[in-house]
Every structure is written in structure tokens, then in C-alpha cells.
Amino acid sequence: MISVHAPALPETEHLVDAARLARMRDGATLINTARGALVDTGALTAELTSGRLYAVIDVTEPDPLPPDSPLYDLPNVLLTPHIAGSLGGELARIADLAVDELVRYAKGLPFEHGVAAAELATSA
């Protein structure tokens, strides 16, 4: 199984390409909940159409997939509408955290969960 977790950068575009997909064992599963551009959709579609691999795909390139994409109908593919991490109380916790950070900012306090500019290039 390969689970993709990386930011969308020029250096990570098609990180999972035809060559990497070809090295996956027969019956392996690719999971992409990061960014659609990290996976070469054409190469992945070819592997999935052959039935050699399985996939759980939460993000695609293009997004959304065209209506005639074979990925919609393949039994070895689970497509979700970019909902990874958004099924439980996560959204409420994110909102609460954002409000807490705004309150800290209004009070002149440093952010509790700040992101340094140097981290932006590697943050997914």
C-alpha cells in the first residue's frame, strides 16, 4: 500500500508516476488524500483499468474528474469527494482553533499554532 502525503509543489508534481506505479506489487492499494497533482492520473487510470492495483482517491487531477472517466465505474476504485479528515468533529475543532488564534491575535499574543514562513514550502 502507498498512502500519499505531500504538498503540491513543482517538485512533487506526478510524484507517483508510471514508473513508481509499475513498481507496486500486484493487488497493492494507492491512497491519495493529499493533492491530485501528486499522482499522474493517466498512468494511474491505466493501472487501475488493467485491474492490477486498487485505489482510494480523495483528490484528483483534474478536479473533478471528467464525467467519462473510467475511474467512476471501476470495482477496484473508491472515489470520495475530497472529504478526507472531514467526517467527524474535525471541522468544529478546526473552527474553534481558528477562533482561538484570532482572539490571541486581537490580544497581541503570539499564535499558539503559528506556521513559520520557512515551513510553507513543505506544508501539506
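**Exercise 1. Establish which residues of helix H2 are buried and what they pack against.**

Solution. In H2, the buried residues are Thr41, Ala43, Leu44, Thr45, Glu47 and Leu48. Here, buried means under 20% relative accessible area, exposed means over 50%, and partly exposed lies in between (1.4 Å probe, protein chains only). Helices (H or I, at least four residues) and strands (E, at least two) are DSSP runs, numbered from the N terminus. The buried residues of H2 pack against helix H1 (18–22) and against three strands, namely S2 (29–32), S3 (54–57) and S4 (77–79).

The model is predicted: local features need pLDDT of at least 70, side-chain atom pairs count only at pLDDT 80 or more, and totals for chains, interfaces and linings use all residues. Residues are numbered from 1 along each chain as its sequence is written, and side-chain values use heavy atoms, with hydrogens and water left out.

**Exercise 2. Describe what is found at the start of H2 and what follows H2.**

Solution. Begin with the start of the helix, where a side-chain oxygen of Asp40 comes to within 3.1 Å of the backbone nitrogen of Gly42. A polar contact is a pair of N or O atoms within 3.5 Å; within protein, one must be able to donate a hydrogen and the other to accept it, and residues adjacent in sequence count only if both atoms are side-chain atoms. Then pass to the residue after the helix: Gly51 follows H2 and has a positive phi, near 85°.

**Exercise 3. Determine whether Thr45 and Thr49 are buried or partly exposed, and list their contacts.**

Solution. First, place the residues: Thr45 lies in H2, which covers residues 41–50, and Thr49 also belongs to H2. Second, compare each relative accessible area with the cut-offs. Thr45 has 15% and is therefore buried, whereas Thr49 has 48% and is therefore partly exposed. Third, take the contacts, meaning heavy atoms within 4.5 Å. With neighbours within four places in sequence set aside, Thr45 contacts Pro70 and Leu71. With residues up to four places away likewise not counted, Thr49 touches Pro70 and Leu74. Finally, Thr49 and Thr60 are separated by 11 residues in sequence and by 16 Å in space, C-alpha to C-alpha.

**Exercise 4. Locate the cis peptide bonds at Pro62 and Pro64, and the positive phi of His14.**

Solution. The bond from Glu61 to Pro62 is cis, with omega near 0°, and Pro62 is in the loop between S3 and S4. Asp63 and Pro64 are likewise joined by a cis peptide bond, with omega about 0°; Pro64 is also placed in the loop between S3 and S4. His14, a residue other than glycine, has a positive phi near 55°. His14 sits in the loop between strand S1 (2–4) and H1, and its relative accessible area of 28% makes it partly exposed.

**Exercise 5. Characterise the overall fold and dimensions of the protein.**

Solution. Start with the elements: the protein has 3 helices and 4 strands, in the order β-α-β-α-β-β-α from the N terminus. Next, consider the dimensions. The radius of gyration is 18 Å, whereas a compact globule of 124 residues would have one near 14 Å; this radius is taken over C-alpha atoms, and the globule rule is 2.2 Å times the number of residues to the power 0.38. Along the principal axes, the C-alpha atoms fill a box of roughly 60 × 30 × 25 Å. Lastly, 28% of the 124 residues count as buried.
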